Amino acid sequence: MRIKEAAARLGLSPRAIRFYEEKGLIAPAKERSSQYRTFDEDDVRRLQTIVALREAGLGIDDIQKALPAGGKDDGGAAGEVARHLELRRSEMVSAWVELKRMIETVDGMLAMLASEQALPTDAMFRLAQEARDVRELRSSWQDVWDYDGLAETHDDRVAESSGEYTAYAEALGLIVSWIAAAPGEEGLDLGTGTGNLAGMLLRQGAKMAGVDQSLAMLQRCRAKFPEIETKVGNLLAIPYTAGKFDFVVSSFALQHLSAGQLRLALEEMLRVLKPRGRICIADLMTSGDRVREQLAEAFPGHKPLAALAELSGYFERRGYVVKIRRIHGLLHVVYAVPIR
DNA sequence: ATTCTAACA
DNA sequence: TGTTAGGA
């Protein structure tokens, strides 16, 4: 068939199809003399997947990467497509959170305008400043640590650091015993990595979900624990709707956040938690902001660590009872339960 | 009547 | 990607 018929069949314009060819997404045969494009069933099938991926919001270049460069489809492409769709999904959640933020800012400004006669310039400007700070905090969260690259050896390294392995295992064990998941409860593990903590809670009978920035880590996790639902995403824009989980846990993830980012992450945890939901965190923590700053200066390459006082204060102000245990060195476990 | 390339919006 | 021009 020629381009018009193919376009009609796929709901595309002929121009769009030529454009896809120009971008290297398809390579239809051309008639010798006329240079007219000729589309066979394979071409149509490929165009169908392109249309589908476009509808999912993938850009032309993403589709280019997701689809095997060869002219025709082959079997092993599903994984690549899934990988790009997950990345896309994660971006969309971030954009969604951004939008939500912006709506709140607009609401705040409207509220100001409703009560004042003149333009409340100062107040609006301050609100805008705060909003901008939050946005910049979010966007400054990058994969500084290259966890995709570390995924393959992650579990080995955890097991090898024998001195700290005991502490690592002890911390995870304490989370599991403090959370004491009832069968069927829904839990979320933030920064789940290869799923070690989530796996333990899974065995306890909980229905677990895991979020991690690194898809490579999650692929390990899926291989180890197929029952865990995993999503790519970051802690500042958790890819779940509000009020979904009975408990949220996190181990060795918050240490990578700055103080401002930590506050956003905590907000996000409370958002996805049910009203009576509980939180348990194992991480490197310092006794106070001063110590944390000193450490940050001493180790310029590292992010500031979470401050214990900040953490517990944050929860207590919101009506939680906080329990803390020091495991080893800076490693602490913090448990927060709403006051009944 | 269709399709093609190229350039511009 | 849509549009338009100029050709085959």
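User: A polar contact is a pair of N or O atoms within 3.5 Å, and within protein one of them must be able to donate a hydrogen and the other to accept it. With that in mind, what does a side-chain oxygen of Ser 214 reach at the start of H11?

Analyst: This is a predicted model, and in it a side-chain oxygen of Ser 214 comes to within 3.3 Å of the backbone nitrogen of Ala 216, at the start of H11.

User: Which residues of H11 are buried?

Analyst: Helix H11 covers residues 215-224, and its buried residues are Leu 215, Met 217, Leu 218 and Cys 221. They line one face of the helix, because they fall within an arc of 150° when H11 is seen down its axis.

User: OK, over to the DNA. Which residues surround strand B?

Analyst: Around DNA strand B are Arg 2, Ile 3, Lys 4, Arg 15, Arg 18, Lys 30, Gln 35, Tyr 36 and Arg 37. By class, this surface divides into six charged, two nonpolar and one polar residue, and helices H1 (3-10) and H2 each supply at least two of its residues.

User: And how much of what the protein approaches on strand B is sugar or phosphate?

Analyst: Of the atoms of DNA strand B within 4 Å of the protein, 89% belong to sugar or phosphate, and the rest belong to bases.

User: Which polar pairs go with that, and at what distances?

Analyst: Two of them involve phosphate oxygens of strand B: an N or O atom in the side chain of Arg 37 is 2.3 Å from one, and a backbone N or O atom of Lys 4 lies 3.2 Å from one. On the base side, an N or O atom in the side chain of Tyr 36 is 2.9 Å from a base oxygen of DNA strand B.

User: Same thing for strand C, then. What surrounds that strand?

Analyst: The residues around DNA strand C are Ser 13, Arg 15, Phe 19, Tyr 20, Tyr 36, Arg 54 and Ile 60. Arg 15 and Tyr 36 appear around both DNA strands. Here the surface divides into four nonpolar, two charged and one polar residue, and helix H2 (residues 14-22) gives the most to it, with three residues.

User: What's the sugar or phosphate share for C?

Analyst: For DNA strand C, 38% of the atoms within 4 Å of the protein belong to sugar or phosphate, with the rest belonging to bases.

User: And which side chains make the polar pairs with C?

Analyst: Ser 13 has a side-chain N or O atom 2.5 Å from a phosphate oxygen of DNA strand C, and a polar side-chain atom of Arg 54 lies 2.9 Å from a phosphate oxygen of that strand. For Arg 15, a polar side-chain atom lies 3.1 Å from a base oxygen of DNA strand C.

User: Back to H1 for a second. Which of its residues are buried, and which are exposed?

Analyst: The buried residues of H1 are Ile 3, Ala 6, Ala 7 and Leu 10, and they line one face of the helix because they fall within an arc of 100° seen down its axis. Lys 4 and Ala 8, on the other side of H1, are exposed.

User: Now the sheets. How covered is E3, and which strands does E3 pair with?

Analyst: Strand E3 (residues 186-190) is mostly covered, with four of its five residues buried. E3 runs parallel to strand E4 (residues 207-212), to which five bridges join it, and Leu 190 stands opposite Val 211 in E4. From E3 the chain crosses through helix H10 (residues 196-203) to E4, in a β-α-β crossover that is right-handed. Strand E6 (residues 245-251) is also parallel to E3, joined by four bridges, with Leu 188 opposite Val 248.

User: Last topic, E10: which residues are buried on each side?

Analyst: Leu 331, Val 333, Tyr 335 and Val 337 are buried on one side, and His 332, Val 334, Ala 336 and Pro 338 are buried on the other. In a regular strand the side chains alternate between the two faces of the sheet.

User: What pairs with E10, and which partners does Leu 331 have?

Analyst: Strand E7 (residues 273-286) pairs with E10 in the antiparallel sense over six bridges, and strand E9 (residues 320-328) is joined to E10 by eight bridges, also antiparallel. Leu 331 is the bridge partner of Leu 284 and of His 328. The hairpin of E9 and E10 has two residues between the strands, and Gly 329 in that hairpin takes a positive phi near 60°.

Key:
Residues numbered from 1 in each chain as written. Chains lettered and ligands numbered in written order. Predicted model: local features only at pLDDT ≥ 70, side-chain atom pairs only at ≥ 80, totals over all residues. Heavy atoms only, no water. Near = heavy atom within 4 Å. Nonpolar A, V, L, I, M, F, W, Y, C, P; charged D, E, K, R; others polar. Buried < 20%, exposed > 50% of the residue type's maximum accessible area, 1.4 Å probe, protein only. Arc of directions from axis to C-beta. Pairing = 2+ DSSP bridges. Right-handed = clockwise from strand over helix to strand, strands pointing away.
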